[in-house]
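Dear colleague,

I am passing on the structure below, together with some notes on what was found in it. Please read the notes with the structure open beside them.

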Amino acid sequence: MAMIDLHCHILPNVDDGAGNMETSLAMAKEAVTQGITHILCTPHHNNGRYDNSKATVIPAVALLQAELDKQQIDLTLFEGQEVRITGDLLQEIKDDRILFTDLSNTYLLIELPTMDIPAYTEELFFELRTQGKVPVIVHPERNAKFREDPNRLLPYLEMGCLAQLTAPSLVGTFGKSIQKTAQEMVDHHLVQMVASDAHGVNKRRFHLKEAYELMENEKAELMQQVAKDIINGDEVSYPSPEKVKKKKFGLF
Ligand code: FE
């Protein structure tokens with residue numbers, strides 16, 4: 001059965017992920033032991049440190065795929081990006097510098113700053129939705145504002161955006177607070193898919209298999225279907241998000 005990882009920094013020497021081909025291959029082998037069959041390669045783009053436009057990602061993916069084939073590592077790579085939100089995104093799409101997750105250019109992975117949701121986010125996402133594009137907000141559980149109040153995702157989800165959980169967050173790699181938020185987001189359908197965001201084989205590993213194992217079977221299957229739909233450019237169907245109720249203080 002196919003298992004797709006929708007977010008992975010496996011390309012060698014393009015960002016803070018794999019530093020060289022050797023690490024990329026080690027990551028690929030670990031992915032295979034996780035049961036992963038397909039990886040969307042998503043180097044950072046426009047995050048202030050790294051710029052990996054479409055024209056540079058495509059040959060880099062081809063190069064790594066050729067090496068995997070040579071080494072007989074049974075893994076299929078797709079071209080993608082983790083795009084940091086900027087005011088230039090619409091222009092960058094027009095200029096063909098952005099890679100979507102699917103060949104019909106529907107879904108794109110968008111990263112918000114760690115501490116903030118920029119004021120222009122809602123307007124930008126609305127414009128993308130108007131163009132038939134679907135922003136996928138990556139690791140909302142690691143953004144300070146969404147962690148403070150996961151219900152801040154609701155307006156974006158109601159607009160037709162999606163959100164992607166990072167597997168290690170659910171497993172507990174980033175600590176108890178992020179783990180709790182991750183679980184809350186899964187329980188309330190505030191995230192519709194999970195991906196590794198793996199950066200290497202020492203720190204920031206895959207943990208995708210473990211994350212799926214922590215979920216009820218039914219939810220894990222739903223999320224795996226979403227991953228396929230995102231790659232195929234098909235419409236996603238997932239239960240509607242539910243508001244997280246604030247816990248009341250008190251003993252009873
Ligand atoms: Fe990432």
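**Overall picture**

For a chain of 252 residues, a compact globule would be expected to have a radius of gyration near 18 Å, and the protein, with 17 Å, agrees with that expectation. Please keep in mind throughout that this is a predicted model. The C-alpha trace spans about 60 × 40 × 30 Å along the principal axes of the protein, and 54% of the 252 residues count as buried. Contacts between residues 24 or more positions apart make up 75% of those with a separation of 6 or more.

As for the surface, the accessible area of the protein comes to about 12,100 Å², and carbon and sulfur atoms account for 50% of this area. The protein carries 26 positive and 37 negative charges, and the mean positions of these two groups are 7 Å apart.

**The sheet**

The protein has 10 helices and 9 strands, and an open sheet is formed by 6 strands in the order E3-E5-E6-E7-E8-E9, with parallel pairing. At the edges are strand E3 (44-45) and strand E9 (193-195), each of which pairs on one side only. In general, the strands of a sheet are held in pairs by backbone hydrogen bonds, in either a parallel or an antiparallel arrangement.

At one edge, E3 runs parallel to strand E5 (residues 82-84) and is joined to E5 by 2 bridges, with His45 standing opposite Val83 of E5. Towards the other edge, strand E7 (residues 134-138) pairs with E8 in the parallel sense over 3 bridges, and Val138 has Gln164 of E8 as its bridge partner. E8 is in turn joined to E9 by 3 bridges, again with the two strands running parallel, and here Leu165 stands opposite Val194 of E9.

**Strand E8 and Thr166**

Strand E8 is mostly covered, since 5 of its 5 residues are buried. Side chains in a regular strand alternate between the two faces of the sheet. In E8, Leu162, Gln164 and Thr166 point one way while Ala163 and Leu165 point the other way, and all of them are buried.

Thr166, which belongs to strand E8 (residues 162-166), has a relative accessibility of 2% and therefore counts as buried. Setting aside residues up to four places away in sequence, Thr166 touches His139, Glu141, Phe174, Val194, Ala195, Ser196 and Asp197.

**Two further buried residues**

Val191 is found in the loop between helix H8 (176-187) and E9, and because its relative accessibility is 0%, Val191 counts as buried. Beyond its neighbours within four places in sequence, Val191 is in contact with Pro140, Met185, Val186 and Tyr238, among others, and these others include Ala163, Gln164 and Leu165. Met223 is also one of its contacts; Val191 and Met223 are 32 residues apart in sequence, while their C-alpha atoms are 9.1 Å apart in space.

Glu30 has its place in helix H1 (residues 21-34). Is this glutamate buried or exposed, given a relative accessibility of 14%? Glu30 counts as buried, because 14% falls under the 20% limit. Apart from residues up to four places away in sequence, Glu30 touches Val201, Arg205 and Phe206.

With best wishes

Key:
Residues are numbered from 1 along each chain as its sequence is written. This is a predicted model: local features need pLDDT of at least 70, side-chain atom pairs count only at pLDDT 80 or more; totals for chains, interfaces and linings use all residues. Side-chain values use heavy atoms; hydrogens and water are left out. Helices (H or I, at least four residues) and strands (E, at least two) are DSSP runs, numbered from the N terminus. The radius of gyration is taken over C-alpha atoms; the globule rule is 2.2 Å times the number of residues to the power 0.38. Buried means under 20% relative accessible area, exposed over 50%, partly exposed in between (1.4 Å probe, protein chains only). Contact means heavy atoms within 4.5 Å. Accessible areas come from the Shrake-Rupley method with a 1.4 Å probe; for residues, only the protein chains shown count as cover. Lys and Arg count as positive and Asp and Glu as negative; His and the chain ends are not counted. The place of a charge is taken as NZ of Lys, CZ of Arg, CG of Asp or CD of Glu. Two strands pair if DSSP finds at least two bridges between them.
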